[in-house]
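Okay, thanks for coming, everyone. I'll put the structure up and talk you through it; shout if I lose you.

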2 protein chains.
Amino acid sequence: MLLSLDMQSETPIYVQIRNQIIEGIASGKLLPGDTLPSVRQMASDLGINLHTVNKVYTLLKQEGFLAVHRKSGVVVNDYKEFKVSDSFLEKMESDLKPIVAEAICRGLTKEKFLEKCLNIYEEFQDYQQGGKKG
Amino acid sequence: MLLSLDMQSETPIYVQIRNQIIEGIASGKLLPGDTLPSVRQMASDLGINLHTVNKVYTLLKQEGFLAVHRKSGVVVNDYKEFKVSDSFLEKMESDLKPIVAEAICRGLTKEKFLEKCLNIYEEFQDYQQGGKKG
DNA sequence: TATCTGTTATATTATTAATATAACAGATAG
DNA sequence: CTATCTGTTATATTAATAATATAACAGATA
């Protein structure tokens, strides 16, 4: 699981890491049961502070994507068991709304917008089918 | 054009205002040529500082949604003239990516995700057809 | 025992968000 | 002309967040 950070981005690096881990799970690069490096190891690899990584792990635990076992360390949860919660749908809608609004303002047709959404969704699936590890 | 702020939200209020104005333009509540209140007036209405509103107007000018004429004040641009720029498509894709990834992780099917996107898009259009001012 | 793990505590620095006060120049109404 | 309203700029301060630094604790492990 390779992570790349953009230190110039306005997106906080702990959010960048969180998103890339979630994208890794969505694409199948990270499978249930897979372990992640220790907070100190990942911090060292990325050249950042231990607490920034710890913040990500704590956040992803709260969101249900990761679990920590004293024995096996930080482990990816079985996301197949997740329910589509109402609170997530509400959050997703409020996140999508300004993006859709701007797309409309900038002249993106409904068809082209939906095609873009479809492409992004299927890119994650493509990886899953292209081999569990490559 | 009514604006509502959530002072408890983690979304900065200048971003909340920006998004609501863009959503107003997308839905047709704000039409090209419509004027917005002065920075001092809107700040007073919302109970916030003049500079916070000025930050929004400056941002929306840079993004091309508003123009300022010494004479007529702050005016909504003719967004029909907008081109779908590559830079916007790239920004939209990078904004959508983590949302789609989380949707997949949480078990939202492709069909249900696209349906949600479609609904949001059409909600803006519904308002346009439902009367220019109501 | 020594080391690695997640976790917690405390403190500091940097950046951003929001506010406060003030001023300037162009436009405008009386 | 005067007074007022406009966007705009400057400067400063406060509050909150992001990121870092150093340290320690307890469980697991070799």
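So, to kick off: which elements of chain A and chain B each supply at least two residues of the surface near DNA strand C? Before I answer, please keep in mind that this is a predicted model. Right, the answer: from chain A you get α2 (39-46) and α3, and from chain B you get α1 (13-27) and α3.

Let's stay with strand C for a bit. There are 20 residues around DNA strand C, and the closest are H51(A), K61(A), I13(B), H51(B) and T52(B). Of the strand's atoms that come within 4 Å of the protein, sugar and phosphate make up 61%. If you sort the residues of that surface by class, you get 7 nonpolar, 6 polar and 7 charged.

Now some individual contacts on this strand. H51(A) reaches a base: an N or O atom in its side chain sits 2.5 Å from a base nitrogen of DNA strand C. Over on chain B, the phosphates come in. T52(B) has a polar side-chain atom 2.7 Å from a phosphate oxygen of DNA strand C, and K55(B) has one 3.1 Å from a phosphate oxygen of that strand.

Okay, on to the other strand. What surrounds DNA strand D? Again we have 20 residues, with I13(A), H51(A), T52(A), H51(B) and K61(B) the closest. Sugar and phosphate give 62% of the strand D atoms that come within 4 Å of the protein. The elements that each put at least two residues into this surface are α1 and α3 (50-62) of chain A, plus α2 (39-46) and α3 (50-62) of chain B. By class, the surface near strand D has 7 nonpolar, 6 polar and 7 charged residues.

For single contacts here, look at chain A. The side chain of R40(A) has an N or O atom 3.2 Å from a base nitrogen of DNA strand D. N49(A) uses its backbone: a polar atom there is 3.1 Å from a phosphate oxygen of the strand. And K55(A) brings a polar side-chain atom to 3.1 Å from a phosphate oxygen of strand D.

Let me step back to the protein. Chain A has 5 helices and 3 strands, and going from the N terminus the order is α-β-α-α-β-β-α-α. Its C-alpha trace spans about 50 × 35 × 30 Å along the principal axes.

So how are the two chains related? Turn chain A by 180 degrees, with a shift of 0.0 Å along the axis, and it lands on chain B with an RMSD of 0.0 Å. The two copies are therefore related as by a two-fold rotation axis. If you want to find that axis on the screen, go to L114(A), whose C-alpha is the nearest one in chain A, 3.4 Å away from it. Both copies use the same surface, too: 100% of the contact residues of chain A recur in chain B.

And what about the contact between the chains? Chain A puts in 44 residues and chain B puts in 44 residues. About 4,600 Å² is buried between them, with 73% of that coming from carbon and sulfur atoms. On chain A's part of the buried area, C105(A), R106(A) and Y121(A) supply 18%, more than any other three residues.

There's charge in there as well. Between chain A and chain B I have 8 salt bridges. One of them joins R18(B) to E102(A), where the closest N and O atoms are 3.3 Å apart. On chain A's side of the contact, the elements that give two or more residues are α1 (13-27), α4 (86-105) and α5 (110-129). α4(A) gives the most, with 16 residues. By class, that side has 26 nonpolar, 4 polar and 14 charged residues.

One last residue, and then I'm done. F82(B) is in the loop between β3 (73-76) and α4 (86-105) of chain B. Leaving out residues up to four places away in sequence, F82(B) touches C105(A) and R106(A) across the way, and G64(B) and F65(B) in its own chain. With F65(B), the two are 17 residues apart in sequence and 9.4 Å apart in space, going C-alpha to C-alpha.

That's my tour. Questions?

Key: Residues are numbered from 1 along each chain as its sequence is written. Chains are lettered from A and ligands numbered from 1 in the order in which they are written. This is a predicted model: local features need pLDDT of at least 70, side-chain atom pairs count only at pLDDT 80 or more; totals for chains, interfaces and linings use all residues. Side-chain values use heavy atoms; hydrogens and water are left out. Helices (H or I, at least four residues) and strands (E, at least two) are DSSP runs, numbered from the N terminus. Contact means heavy atoms within 4.5 Å. Buried area is the accessible area (1.4 Å probe) that two parts lose on being put together, summed over both. A salt bridge is a side-chain nitrogen of Lys or Arg within 4 Å of a carboxyl oxygen of Asp or Glu. Ala, Val, Leu, Ile, Met, Phe, Trp, Tyr, Cys and Pro count as nonpolar, Asp, Glu, Lys and Arg as charged, and the others, Gly among them, as polar. A residue is near a molecule or strand if one of its heavy atoms lies within 4 Å of it. A polar contact is a pair of N or O atoms within 3.5 Å; within protein, one must be able to donate a hydrogen and the other to accept it, and residues adjacent in sequence count only if both atoms are side-chain atoms. Copies are superposed by least squares on the C-alpha atoms of residues with pLDDT of at least 70 in both.
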